[in-house]
Amino acid sequence: MTRRPSTLLVVVAAVAACIAPLVLSDQTFFVHTVLAAVVVSGLSMLMGYAGQASLGQGAFVAVGALTVALGTTRWGLPPLVVLLLAPLVAGMFATVVGRPLLRLQGHYLAFGTLALLLMVQTAMSSIDALGGAYGVSGIPAFGVGGWTVTDQRPYAYLALACLAVVLWSSARIVDSRFGRAMRALSGSETAAESAGVPVGWTKVGVFALSAAFAGLAGAVTAFFTPYVSADSFPPLESFTYVIMAVVGGLGTIWGGVVGAVVVSVLLQALNTVSSQPGLPPTAAPIIQYAAYGTVLIIALLFLPRGIVPSVGSLRLRRPQGSPA
Amino acid sequence: MTKKPLIALVGVGLLTMTAACGTAGSAATSSGPVKIGLVAPLTGPFAPLGLGDKAAVEQEVARINAHGGVLGRKLEVTIKDDKTDVPQSVTDFNQLAADKSYTAILSSSNVSASTAAGPSMQSNRIPTIALGPVSAFKDGKNKYAFTCVAIPELYGEALVDYLKAQGLTKVAIAYTGKDPYGSVGNKATVDGAKAAGLDVVLDKEIDVAGTDFTPVISQVKAAKPDAFVVWVAGPASVIITKQFAGSGIPLVMTGAEASNLYVQPAGQEGEGVTMTSNIAVPGRELPAGALKDSIDAFANPWLKANKGVYPPQFAFDGATGIQLLVAAIEKAKSTDREKVRDALESLDLLTPTGRFKFSPTDHGGIGKDAIAIVQVKGGELKATPYSLEQFKTNLPD
């Protein structure tokens, strides 16, 4: 379950990721994909290791983004401070709401998290202090000290740095005592409890951790697109995170990254196809919805454990010393 | 994960970031095409606005290129669909603005979207003309933001002038509070009505995402006003028109409805609806002169390309936007963003929607005389007798 890719593979992926912003013309797509990977890494941990489902991860992305938006525009906090603060606030928010929410299980928990997202959206659109109907604009560019970002490319590297931190901390956490408790939950809560695992607090802990990752992604999003409103976090985006996690492989460190990249590239390709001359303007959303369904069904039929575990199994089955 | 991959990852990242510092997007050059961005709602509820903008900009770009382009170079416009989604619009705007090869941008006709992109105009130092009526840009405090559509305050004033001239005394208003167009327009109308001695018998915020407006319509009927003014944009205007039909109370809409994309779906129930519009919408009824020539120069090719359908308000707005930017670039004799901004701020240009005179304290550029009051007659938007009278003495040319 926790099989790791080889050092060579990781280095190749890192090199490719670092070169990509230099050669890609569309930084927006790249940044969004990397930030989706940050969110999905947390979600993959929540769903795969702890066996808890969330259809409303966007709520925590929103909390992180709001922390940056309000922190910079209303309270005049430095960008670096709010960037660091955002995952903490999102994690604390998840801790507060997690205690009652995580009493639910399975589908009920999934719907509970979706309801949480809708409540956060409603609060953002109806409370002026949280942006209200017009949202929060005028978020300053990210910067440290006297240096301020004046281009989109540094955001790509900021997003990559966040992803690196998330992957590293995920790996450390999974191997820790808390990680073992967390993994025990996915098998049987009763068995875990009888083994001395504090089930309630472990669930809240992993929920808060995934929320912190989502909050971090939300913080970078708020700097990158300096506008935050309730519409910035549609439920469809949260559903996409789940699809990415399932496609990449739940309960793997790299599954979130692979799922985010595969689904994002697919959607980008479909967007390009649907915007070809001659196709109606409604083609894009129709194709997108169809793609979500198709990808999910194909993944569940042929790669029920997701890409990363399936590829890992193939590597395990291959005899030692056989050619690649 | 071992430490090795992480160290390698961090090392590669730092090296690449160092390289990236020297490869930021290159500025607009003195050769190659002159690049302008357009962000418009081509899908979603405000698609009627964006599609008019897009078609007009494409027609104008083709005309300009056929006449030698700008500064002797080809004019190239990149069009992005913001899907009537404000965050998407800001994202698209930022993407264009971050690319230094773009000289200027025409931002969304969705007021909320253009308003939200305002700070990005400043941070990216890119001259931008909003194709929607953004009141926040009017005073010039945002040095890079301009608007080429009459702001709701002007529409509100023009509307009140008209109502008063018709001898009406009681007005009911419904508006969307989730959009600056509706909320600012409503406030301007209420303030203007009170100043003019009109009685606002009902002032009700409505949710334009809804499909049943009969509760507010019942309240309007009960208030028995002389006119019912509606400040909304998008499909809600058609639904309200259908549900309000037969009430016997004159229905008054605003510039967001000055289009066939409202008139046609409103159908028979839309007949007789009065609305504010830009001066170009009743262009065929204007007296001969420079303004009419400017309108005809855009409208005639449009009529040929669109089976005789007259351009909607949004198409005229799009044409005006691109004409203003091109004139500023020509005046600046450069594609440098700062020089174009400076040129825009001192521009004096006759466009199809009136004469624009921008200044450091006026990034709106036009006055109340650039607004007409039109009425749906026989499926077309025709100038009211009130406006026809105004055209004789008060044209913005």
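**A walk through chains A and B**

Let us start on the sheet of chain B, where helix α7 (residues 214-223) lies across β6 (170-176), β7 and β8 (227-231), running at about 175° to β7(B). Keep in mind as you look that this is a predicted model.

The strands under that helix belong to an open sheet of seven strands with mixed pairing, and the order to trace in chain B is β7-β6-β8-β9-β10-β13-β14. At its edges you will find β7 (199-206) and β14 (380-383) of chain B, each of which pairs on one side only. Going from one strand to the next, the twist averages 30°.

Now move to the β14 edge. Strand β13 (residues 371-377) of chain B runs antiparallel to β14(B), and four bridges join the two. To find your place there, look for V376(B), whose bridge partner in β14(B) is L381(B). Helix α13 (residues 385-393) of chain B also packs on the sheet here, touching β13 and β14 of chain B, and its direction makes about 145° with that of β13(B).

Next, step inward to strand β10 (residues 274-278) of chain B. How many of its five residues are buried? Five of the five are, and the strand is mostly covered. In a regular strand, side chains alternate between the two faces of the sheet. You can follow this in β10(B): T274(B), T276(B) and N278(B) point one way, M275(B) and S277(B) point the other way, and all are buried. The neighbouring pairing with β9 (residues 251-253) of chain B is parallel and rests on two bridges. Within it, V252(B) has T274(B) as its bridge partner in β10(B).

With the sheet in mind, zoom out to chain B as a whole. Its domain assignment gives domain 1 (34-151 + 295-368) and domain 2 (153-285 + 371-393). The C-alpha centres of the two domains of chain B lie 26 Å apart. Where they meet, 23 residues of domain 1 of chain B are in contact with 24 residues of domain 2 of chain B. Which helices build the domain 1 side of this meeting place? In chain B, α2 (47-66), α4 (111-123), α10 (290-305) and α11 (313-332) each supply at least two residues of the side that touches domain 2. The largest share, four residues, comes from α11(B). By character, the residues on this side of domain 1 of chain B divide into 14 nonpolar, seven polar and two charged.

Finally, turn to chain A, which has 13 helices and four strands. Its C-alpha trace spans about 55 × 50 × 45 Å along the principal axes. A compact globule of 324 residues would have a radius of gyration near 20 Å, and chain A agrees, because its own value is 20 Å. Buried residues make up 51% of chain A. Of the contacts in chain A between residues at least 6 apart in sequence, 77% join residues at least 24 apart.

For one residue to visit in chain A, try L116(A), in helix α5 (residues 106-126). Why does L116(A) count as buried? The cut-off is 20 or more other C-beta atoms within 10 Å, and L116(A) is buried because it has 22. Leaving aside residues up to four places away in sequence, L116(A) touches G56(A), A59(A), V97(A) and L101(A). By contrast, F223(A) is 107 residues from L116(A) along the chain, and their C-alpha atoms are separated by 24 Å.

Definitions and conventions: Residues are numbered from 1 along each chain as its sequence is written. Chains are lettered from A and ligands numbered from 1 in the order in which they are written. This is a predicted model: local features need pLDDT of at least 70, side-chain atom pairs count only at pLDDT 80 or more; totals for chains, interfaces and linings use all residues. The radius of gyration is taken over C-alpha atoms; the globule rule is 2.2 Å times the number of residues to the power 0.38. A residue is buried if 20 or more other C-beta atoms lie within 10 Å of its own, exposed if 12 or fewer, and partly exposed in between; C-beta atoms are placed from the backbone. Two residues are in contact if their C-beta atoms, placed from the backbone, lie within 7 Å. Domain bounds come from an automatic or database domain assignment. Ala, Val, Leu, Ile, Met, Phe, Trp, Tyr, Cys and Pro count as nonpolar, Asp, Glu, Lys and Arg as charged, and the others, Gly among them, as polar. Two strands pair if DSSP finds at least two bridges between them. Axes are lines fitted to C-alpha atoms, for helices over the stretch in contact, and angles run from 0 to 180 degrees between N-to-C directions.
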